[in-house]
Amino acid sequence: MDKFLMMSGMQSPSLVFCDIGSGVGNVCLQVLGEVPVCPKVIGIEIIPSRHKNALIAFDNAQKYFPTYFGAPNTTIPNRRRAPWHLRKSAAFYEVDLVNCAQTLRDEKVGIVFSHSWMFDDDLMKKFAHVVNSVSKPVVVSAPVPTTKTSAEDATVAVATRQYKLPPSLWCVITSRPFVDTETGEPLLDASRWELHSERQFSADWNPNSHFFMYTRKV
């Protein structure tokens, strides 16, 4: 992940990493333990047994190696004041890829990774739809209290104001390109995303796996 961060040219002091198709959590735990700028990781996995084992693996990692994976909440009375390495955390969700957009927003995910070489064309289109939706600003309404003073008493009238929250997602790394195999057209919104680079790394049993890095246009 350090290599990907250097290639993207973007750094963050507090990065949230997400692995879609996280399995038993091995990629998430490796990133959490080895990337200093990543204090939190998110795992998205639809298979119940793998999701369960990811939770067990993370609990054991925190129990035996808190310096690398953070300490359990029950052992830290005041988490905000604890050393940064003990505040590391992970969250694993048993959810389908096509339904994870809100989770990515809520967790303020900055980088999405997916070893997606087993995804078929239809699933890649659904994956792209999730990325496109998460990369749009979200319009929210917030109350704006105003005080009106009358001759008898003061009453408070609440108005609302709308504003846009910028997306947190700025990088997607996948082992299958976001390209329509029939038309050759990009699946990601070209006005927001661009292919930053393509690299080969060792992954699984393939020593020359292709990975494609997409970055959001500023």
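**Exercise 1.** What percentage of the 218 residues of the chain count as buried?

*Solution.* Start with the source. This is a predicted model, where local features need pLDDT of at least 70 and side-chain atom pairs count only at pLDDT 80 or more, while totals for chains, interfaces and linings use all residues. Residues are numbered from 1 along each chain as its sequence is written, and side-chain values use heavy atoms, without hydrogens and water. Next, fix the term: buried means under 20% relative accessible area, exposed over 50%, partly exposed in between (1.4 Å probe, protein chains only). Of the 218 residues, 39% are buried.

**Exercise 2.** Describe the two faces of strand S7 and find its partner.

*Solution.* Helices (H or I, at least four residues) and strands (E, at least two) are DSSP runs, numbered from the N terminus. The chain has six helices and nine strands. In a regular strand, side chains alternate between the two faces of the sheet. S7 covers residues 171–174. Cys171 and Ile173 are buried on one side, Val172 and Thr174 on the other. Now the partner. Strands pair if DSSP finds at least two bridges between them. S4 (residues 111–114) runs parallel to S7, with four bridges. Val112 has Val172 as its bridge partner.

**Exercise 3.** Place Ser116 and list what it touches.

*Solution.* Ser116 sits in the loop between S4 and H6. Its relative accessible area is 0%, so Ser116 is buried. Contact means heavy atoms within 4.5 Å. Leaving out residues up to four places away in sequence, Ser116 touches Met124, Thr174, Ser175 and Arg176. Met124 is one of the buried residues of H6.
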